[in-house]
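Biologist: Before I plan my reading of this protein, I should like to go through its architecture with you. May I put my questions in order, beginning with one pair of strands?

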Amino acid sequence: MSKFRPLTAYEEPLRDGYQLLPFRFTRLDDNDYVVTNQAGEFLVIDRSTLSDLVRHELPSTGLAYNDLKSKHVLTDADSSVATELLALKVRTKLRRLADFTSLHLFVVSLRCEHSCPYCQVSRQSDDKLAFDMTPETADKALELVFRSPSPALKIEFQGGEPLLNFPLIRHVVLKAETLNQVAGRDLQFVIATNLALLDDEVLDFCRAHDVLLSTSLDGPPDLHNLNRPRPGGDSYERTVRGIHRARGVLGRDRVSALMTTTQASLPRAREIIDEYIRQGFDGIFLRALSPYGFAIKTKSFTAYDMEKWLGFYFDGLDYILEMNKAGHFFAEHYATTILTKMLTPFDTGYVDLMSPAGIGIAAVVYNYDGNVYASDEGRMLAEMGDTTFRLGNVHNDQYEDIFLSDNLLQPLEESFASSAPMCSDCAFEPWCGADPVFHYATQGDFVGRKPESAFCTRHMAIVRRLITMMRDDENARDIFLRWVNP
Amino acid sequence: MLKLGGTDLEFRNWPADREKLIARVSDQPHRVRPLREGEAYLVKGETPPPGFRCYLAIRSHADLLAGLSDDEMQVVLPDEYDYLADGDVVRLIPGQNRIRVIYRRRSRHNSFLTTERCNNYCLMCSQPPREIDDSWIVDEILETIPLMDPATAEIGLTGGEPTLLGADFFRILKMLAAYLPRTAIHILSNGRQFADPDFAQRYAEVGHSDMMVGIPIYSDVSTVHDYVVQADGAFDETIQGILNLKRLRQRVEVRVVVHKQTYQRLPQLAEFLARNLTFVDHIALMGLEITGFTKPNRRDLWIDPADYQSELYQAATLLAGHRMHVSIYNHQLCLLDPRLMPLAKKSISDWKNEYMPECADCREMNSCGGFFSSAKLRYSDHIKPFL
Amino acid sequence: MAFSVEVFSLDTLKKAAYRMSDVAVIDIAPSGENIICTMKFRQPLSAEDVDQAVSTFKLEVLDQDLRASIGTETDAMRNAILALAFSKSGLSG
C-alpha cells in the first residue's frame, strides 16, 4: 500500500548528525573500551568506534549507532526523551541517599576468647567494667539510631565477641522494639559472633525476636583454626556446630558467614569455597586482604600482594562460575554487589562501595565506651591511636554534632569520587566507591592517589574481569543476573 | 470463531419508528416483572413468559414463538447465535435486520471498541483506522454499562485509539467506576495522549481502583518504533505518556508484537525496558495477527515464529531475570522454546480462536491458545502436536 | 617525548601523567611549540618495560585528549541532568 512510508522516511532527522550525551570510557583490554553513560549503563566498543563516535563520524547505519543511542550515549534529532530518562535513572540510583543511616553497629564488648592475629580490637580480659557497653550508653545510642530518617534500620552487634555481653544485646533489642512501636520502621537485628558461646537461651531469644546471626568461617579446619586461635584450638568445630545448631532453631537463611582472607588463604580459594558449600551456604564473600594490620606498619600494599590476591579471587570466581554452569546456584557476594550496580537500575546498600562514601551516611558505629565512629575501620584506627574518624560521644554530643561533625564531613567531601582525579574520568566510577578510611590508612589522605591505590587496582581488575566474562561467555550474564535477583 | 454480529436476522412486529434497541438478554421465566420491560427474552423450550420488551429465538426454535401475540416484537436469529445466554447484552437494528452481541456475561474477553479513529497507523494494525465521526459508539457504551453484570471480571476498551475521545473517554471510565467498580478495566492505547500531563491527571482522578493501560513499544530505537506505527514523534510521546502515568501511580503494561520488523532488536528492547521503564507492571510479548493491515504488509511483517525463538528467549529471560512480570501471548506452544512455556498464556479471545488440522491429536490443546481465526492465511510451517 | 601544543593541551598531558604516577614521575615542561615530557621511572625497568610504559603513556595522552573533547561537548548536559535528577518536581520517587 502506498500510504505506508518506509523506514528511511523516519530516519530523515538523522541526517543532521548526532550529539554526544555525557559518558566516560576506560580501556578494557588491548582492543576494547568500556563506555558508561551517566546512569552507569555500559557497552563494550573498540577503539576505532570510540574515536569515530567522539569525532561525530559514526554512521547511523552502522551496527554500533543504535546500541549507543539506545544506551543514551548519543542522541539525535529524532528523539528528545533521553535527558528525562537519564535524569530518572540517575535519581533511581541515588535514591538510598535520602534514607540516610540504615546500618547501626553496636560494639557491645571488646572482650573475646579468640586471639585472631588480624584483629585489631579485642581484649583478652574478664574486666566487664572496662570493656563492656553499659545500658546507659546503649540507651543513648538508641536515641541516635531512631533519629535517622531511614525507613529500614539494621542494628548489628559487634565486638570482641558480642555474646560475652548478651544481657546488653537483650536490653537493646527489647528497647529498640519498644521505641519502634512508635517509630514504625522496618527493624532488623544481627549478631556478628564466633558462635563458640551459643546456648539455648541465646537461640531462643534470637528466634523470638527474629535476630540474624553472622559468623566467621575462614575455610577448611586447618586454615580456619590457624587464622582464629582460641583456647582448645577448636574454633572451626565450634563454628560449624554453631551454624547447624542455629539453623535448626532459627531457619536455614538466618545464619550467614563471612571469611577473612589472610596470606595463608591465598592459594586455597577452591578449598574455602568447597567448605562453604559443605556447610550449606549458597554464596561466599571473597574478601580483600585487610590493609589495616599492614598499613600502620608498612604504609602500603605491595603490588605482589595484590597480584596474589587477584589470582586467589579470579580462581575462586572461575570455580564458582563453573559450578553455576553445571546447575548449582552459588554466588560470589562482592561480584554481586558490583553487578547489581552494573546490571540493574538500582544501587545496593553496601557501605564500602558507595560514593559519596558510606561512612556515617549509610552506617555508623557506637563503641562500648560511647564513642561514635564513621566506620568499623575508623574504630580500629582509634584502637591503634588515631582518632581521625571519631565523630563524638553519645553521652556528650547531640545527633547534629555527630552527623555534622567535621570529622565526617571533611572525608565525605574530599573523597567524593566524581570530583577525584582519575575517578572523575573513570568509566567504572558509577560502580565504585569512595573509601576515605582505606586511603587515609594506606596513603595518609582521604582521597589517595588512585594509581597507587590497592582499592582502585583491585576494583578495576575485578570490573574488567566481569565485563570480559560477559563479553566472551554468553552464559555469564544470565548467571550474574540470577545472583543479582535470586 | 463466534459470530458476534450480522444482518441475516428476521424481525417480526417491530414498529417502523423503532430504530435501535439495546437490551439485556434474559432466559429466566420468573424474571421479576419490572425488569422484563427493558429486556429481550431468549425463548428456548417453554412458553414465553409475558411482559418482555421483545422475544428472541434461534431458527431451530422459531416455532416456539408461535404462541406470542401479533403485537409482541420478535427476532429470529441464525442458529450460530445459539451461544447467547442470560445476562448478555445485544443491539438490535430492525431496519437493517442487524444484531450485534455487545457483551457476553460468561466470556472472559469482553471489550468495547470505542472508536475507529487513531493517530497511529501501525503496519500490522488489526483494526485499520477510519477517520469518521463515530461518536454514537460512546452513547451506546454508556447505555450498555448499566446492563452489565457487576460481577464481570474484566472489560477491555479498544479501538482505534480510545484516548482520542477526549472528554468522552473519561465519561466512559467514570461510568465504569460507578457501575462496575469491581470489574478490571484494560485499556489498549498508544499512550501518546498521556504525554499531556493534564490528560494523565484526569485519568488518575477517575476513581476506579483496577485500571491498566496496555501500551505498545516496538523498539528501543525511536526511528524503528515510529516506522512500525507510521507516525513521527510517536516514540517520544508514548514514552512520555508512560512516565506521566507512572508518576501518578497508574498501572501500565507494555505490549510488543513480535514480527519481522521487531524481532531482531527484541533483546535490546528488553534491556531498554528493564533499565528505563523498570516500574511497568507487566510486559506482553505477542504473536502477529494476520488481519487488517498485516495482510497488505505481509512481506515486511511475516516471519515464522520458530525462526525468532532465540531472540524471544533472550528477551523474555532478561526481563524475567530483572523480576519484571512478562507473558508470552498468541504463540502456539509447539513453536516455543520449551524453556519459555511457563510464560505462555492462553490469550486469544474466545470468539476468534481456532486450531489447525495438525493439532488434532495434541494433548496440550487445552493449555494452548491455538490460533487467530485469521491465521488460516498464514501460519508456521512447524506446527506439531504434543503426543 | 615532545607533544605539539597545537594538538594537545597541558591539562591533557597532566592527566595522562597522573595516571602513570605509580610507574613513573613525569616532568612536563613547555618548550616553544612543544611540551616536553620526561619520564623518570620509580623502579629500574628493562628496555622492554620502558617501551611498554612509553606506549601506555602516549595512548593515555590520546585517551585524555578524547575525554577533553567529550567534556567540552557534554559537561553542560551532565549538570542539567543532575539538576533534573535532584529536582523535586516531576520525576517519580
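Modeller: This is a predicted model. A convenient place to begin is A:Ser214, which stands opposite A:Ser256 in E10(A).

Biologist: In which sense do strand E9 and E10(A) pair, and over how many bridges?

Modeller: Strand E9 of chain A covers residues 211-216. Its pairing with E10(A) is in the parallel sense, and the number of bridges is four.

Biologist: Which residues of strand E10 of chain A point to one face and are buried?

Modeller: The side chains alternate along strand E10, residues 255-258 of chain A. A:Ser256 and A:Leu258 point to one face and are not buried. Those that point to the other face and are buried are A:Val255 and A:Ala257.

Biologist: Let us turn to the overall form of the chain. Why does the radius of gyration of chain A agree with that of a compact globule?

Modeller: Chain A has 20 helices and 15 strands, and its C-alpha atoms fill a box of roughly 85 × 50 × 50 Å along the principal axes. Because chain A has 486 residues, a compact globule would have a radius of gyration near 23 Å. The value for chain A, which agrees with this, is 25 Å.

Biologist: What percentage of the contacts in chain A between residues at least 6 apart in sequence join residues at least 24 apart?

Modeller: As for burial, 47% of the 486 residues of chain A count as buried. Of the contacts between residues at least 6 apart in sequence, the share that joins residues at least 24 apart is 69%.

Biologist: How far apart do the C-alpha centres of domain 1 and domain 2 of chain A lie?

Modeller: Domain 1 of chain A spans 17-94, and domain 2 consists of 98-300 + 347-406. The distance between their C-alpha centres is 42 Å.

Biologist: Which strands stand at the edges of the open sheet with the order E2-E3-E4 in chain A?

Modeller: This open sheet has three strands in the order E2-E3-E4 of chain A, with antiparallel pairing. Each edge strand has a single partner strand, so one side of each is left without a neighbour in the sheet. The edge strands are E2 (23-27) and E4 (42-46) of chain A.

Biologist: Which residue stands opposite A:Phe25, and which helix packs on the sheet?

Modeller: E2(A) is joined to strand E3 (residues 32-37) of chain A by five bridges, and the two run antiparallel. Within E3(A), the residue opposite A:Phe25 is A:Val35. The helix that packs on the sheet touches E2, E3 and E4 of chain A, and its direction makes about 105 degrees with that of E4(A); this helix is H2(A).

Biologist: At what angle do helix H6 and H7(A) pack, and how far apart are their axes?

Modeller: Two packed helices are described by the angle between their axes and the distance between the axes. The crossing of H6(A) and H7(A) is right-handed. The contact involves, among others, A:Leu142 and A:Phe146 of H6(A) and A:Val172 and A:Leu179 of H7(A). Helix H6 (residues 135-147) of chain A and H7(A) pack at about 35 degrees, with their axes apart by 10 Å.

Biologist: Where is the cis peptide bond that has omega near 25 degrees?

Modeller: A cis bond also joins A:Ser355 and A:Pro356, but there omega is about 0 degrees. A:Pro356 is in the loop between helix H14 (333-343) and strand E13 (363-366) of chain A. A:Gly160 lies in the loop between strand E7 (152-159) and helix H7 (166-183) of chain A. The cis bond with omega near 25 degrees runs from A:Gly159 to A:Gly160.

Biologist: Why does A:His56 count as partly exposed?

Modeller: A:His56 lies in the loop between helix H2 (47-54) and helix H3 (63-70) of chain A, and its phi is positive, near 60 degrees, although the residue is other than glycine. Partly exposed residues fall between the limits of 12 or fewer neighbours for exposed and 20 or more for buried. A:His56 is therefore partly exposed, its number of C-beta neighbours inside 10 Å being 13.

Biologist: Which element gives the largest share of the side of chain A that touches chain B?

Modeller: The contact takes 25 residues from chain A and 25 residues from chain B. On the side of chain A, the elements that give two or more residues are helix H1 (7-10), H3, helix H4 (82-94) and helix H20 (474-484). The largest share, four residues, comes from H3(A).

Key:
Residues numbered from 1 in each chain as written. Chains lettered and ligands numbered in written order. Predicted model: local features only at pLDDT ≥ 70, side-chain atom pairs only at ≥ 80, totals over all residues. Rg over C-alpha atoms; globule rule 2.2 N^0.38 Å. Contact = placed C-beta atoms within 7 Å. Pairing = 2+ DSSP bridges. Axes fitted to C-alpha atoms, helices over the stretch in contact; angles between N-to-C directions. Domains from an automatic or database assignment. Left-handed = near helix turned anticlockwise from the far one by under 90°.
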